[in-house]
Amino acid sequence: MDDKVKAEIADGLRQQVRGLIKGGATGKTVAVLASEYLKKVTVANGISLETSAELDQICKVPRALIRSELHLKKVYRHKKDRKASDDDRPRVKRVITGMQPMDCVVMDVHHVNVLLKRENGTTGTPKLLGFMDIATRRVWCELVFIETKGGVRNVDVIEAFVAMAQHSAFGLPKTLYCDNGKEYLFADFLDDAMQLLVPTVGKPGRSRVIRALPYNASAKPIEAWFGHFEQRFLKTCPGYIGDDRMNPKRPAPGKLPAPFNGDFAAFKRVLNGLLMAYEVMPQSGALEGLSPRQSFEAHVRQGWAATVIDPDRLNTVFTKPETRKVRQHGISVGGRRWSCDELDVWFHDTITVHVPQYHGYNALRLTKPDGSFLGIAHPEEEFAFFDPRGARRSAERNTRRNKALREADRSTPDIDIGAEMVKLARRAPEVAPNVPKGTLTVTQEQVHQQVICPEHGVPCSESEDERDRREIAAARDVFIRTIGRT
């Protein structure tokens with residue numbers, strides 16, 4: 001073969017090797033398949049040998065050629081295992097210099113690899129809801145143990161967040177960093193609350209809720225904290241089984257680990273003790289040898305204080321305001337009738353109801369059109385037909401309503417609307433008509449007899465009743481004119 005043909009075969013062979021490696025073939029598979037390719041193109045170019053063994057020997061692909069293209073394994077990994085590929089992505093170093101506690105809080109959910117007993121006799125592992133303060137590396141944790149099938153719900157994360165937001169050592173974060181999972185849908189409702197309740201961070205109007213990129217665990221320090229806490233602290237807890245659920249840690253070959261000796265409340269006490277131990281352990285890296293507690297104490301000495309919020313007010317963040325018509329001093333929400341004492345004295349046609357979005361409810365917050373608080377509505381109680389409590393309840397509500405109506409009556413002046421309209425008419429200037437433009441007459445072919453007006457003279461005779469009616473009408477006219485002048 002001439003040099004041009006050999007160069008074409010060499011390029012084709014290299015591309016074949018590259019394609020095999022990119023497709024995920026192992027080294028031996030690449031060598032065999034590339035050799036078969038080389039034999040095929042060799043025979044196609046008119047080279048024939050007496051035995052296949054000679055062809056195999058000549059068409060053996062050099063290992064050096066395969067090794068030079070092994071970097072294409074990274075392409076296969078990026079296409080088939082994105083998490084492993086993103087773990088190797090370029091990183092930038094971030095420092096916490098100048099950050100204050102709760103400037104940024106990262107939250108995530110993690111499986112706790114400790115077996116607990118359920119009430120029905122089965123075993124399971126609880127879930128840990130963690131909120132890490134980036135500046136001090138402190139972690140606020142809440143445990144959720146699901147007695148039946150299911151996962152962490154939005155209401156579980158909301159309750160944990162509310163507990164943290166009202167604690168004086170944590171409070172409301174300025175920025176919240178979380179995943180894109182369905183259990184974090186409530187976080188978007190927090191943006192407005194954090195915009196109002198904490199000082200501006202960065203550009204005004206910037207969202208306080210940051211969503212993590214998929215497969216970007218290294219950007220969330222709490223991911224590394226979970227592993228660190230488990231390996232140094234949690235594994236000392238009875239019932240620890242490790243990460244591999246199919247092959248848990250065993251105290252002896254063939255023997256499964258015993259579950260935690262105690263109920264869920266007892267395990268929570270153990271976990272809280274381990275968290276306290278974590279807080280007093282010094283850390284290298286960002287904390288420069290300080291423990292999370294020492295770092296927090298340093299910020300407190302410099303004047304830092306938490307921004308806390310009343311839990312009832314914070315719960316209103318996770319609601320959707322809806323306008324409802326008020327009928328018979330009650331409203332309808334979710335197929336139920338709701339009322340409260342404040343609605344009994346509410347005489348407007350509509351009211352704003354704050355309906356919770358992520359959890360069940362037996363109370364609804366009501367606000368006025370200006371946004372001020374009105375009251376808390378509850379489902380109306382139903383009574384049997386002859387139940388005397390129903391009559392008492394109805395009478396109580398009517399008494400409250402009538403009292404409010406009387407107070408409203410006394411608080412406003414009495415105005416005679418008819419008299420006011422008459423005054424308005426009298427204050428209006430009179431309009432003098434213009435001189436008529438002309439008089440219209442109608443002329444017809446036939447002349448009709450004109451009406452003859454009676455001359456004044458002796459009045460016709462009238463009956464006594466007719467005379468009385470005439471005198472009464474005259475007296476009424478005089479009286480009306482007198483009243484008008486007054």
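Which residue in β13 does Trp338 stand opposite? Trp338 stands opposite Pro379. This is a predicted model. The points below cover its nonpolar cores, a cavity, and a set of paired strands that includes β10 and β13.

**Nonpolar cores**

- The largest nonpolar core is made up of 30 residues.
- Val114, Leu128, Trp225, Phe229, Leu234 and Phe267 are the residues with the most contacts inside this core.
- Two strands, β4 (127-133) and β5 (139-144), and two helices, α9 (221-232) and α10 (264-279), each supply at least two residues of this core.
- α10 gives the largest share, six residues.
- Another core lies apart from this one and has 27 residues, including Met102, Ile146, Phe170 and Phe296.
- In soluble globular proteins, nonpolar side chains tend to be buried together.

**Contacts of Phe229**

- Leaving aside residues up to four places away in sequence, Phe229 touches Leu234, Leu271, Leu274, Leu275 and Tyr278.
- Phe229 is also one of the residues that line the largest cavity.

**The cavity**

- One cavity of 30 Å³ or more is found when the whole structure is searched.
- The largest cavity holds about 30 Å³ of space.
- Its lining consists of His110, Val112, Leu128, Trp225, Phe226, Phe229, Glu230 and Leu234.
- Four of these lining residues come from α9, which is the largest share.
- Sorted by class, the lining has six nonpolar residues, one polar residue and one charged residue.
- Leu128, Trp225, Phe229 and Leu234 appear both in this lining and among the residues with the most contacts inside the largest core.

**Strand β11 and its partners**

- Strand β11 spans residues 350-356 and is mostly covered, with six of its seven residues buried.
- β11 pairs with strand β8 (residues 319-325) in the antiparallel sense, over seven bridges.
- Within that pairing, His354 in β11 is the bridge partner of Pro321.
- β11 also runs antiparallel to strand β12 (residues 364-367), and three bridges join the two.
- Thr352 stands opposite Thr367 in β12.

**Strands β10, β12 and β13**

- β12 is joined to β13 by four bridges, and these two strands run antiparallel.
- Leu364 stands opposite Ala377 in β13.
- The hairpin of β12 and β13 has five residues between the strands, and Gly371 in this hairpin takes a positive phi near 95°.
- β13 (residues 373-379) also pairs with strand β10 (residues 336-339), in the antiparallel sense and over two bridges.

Definitions and conventions
Residues numbered from 1 in each chain as written. Predicted model: local features only at pLDDT ≥ 70, side-chain atom pairs only at ≥ 80, totals over all residues. Heavy atoms only, no water. Core = buried A, V, L, I, M, F, W, Y, C linked by side-chain atoms within 4.5 Å. Buried < 20%, exposed > 50% of the residue type's maximum accessible area, 1.4 Å probe, protein only. Contact = heavy atoms within 4.5 Å. 1 Å grid on protein atoms, 1.4 Å probe; cavity = no way out; pocket = protein on both sides within 12 Å on 5 of 7 lines; lining within 4 Å. Points joined across faces, edges and corners; volume = space filled by probe spheres on them. Nonpolar A, V, L, I, M, F, W, Y, C, P; charged D, E, K, R; others polar. Pairing = 2+ DSSP bridges.
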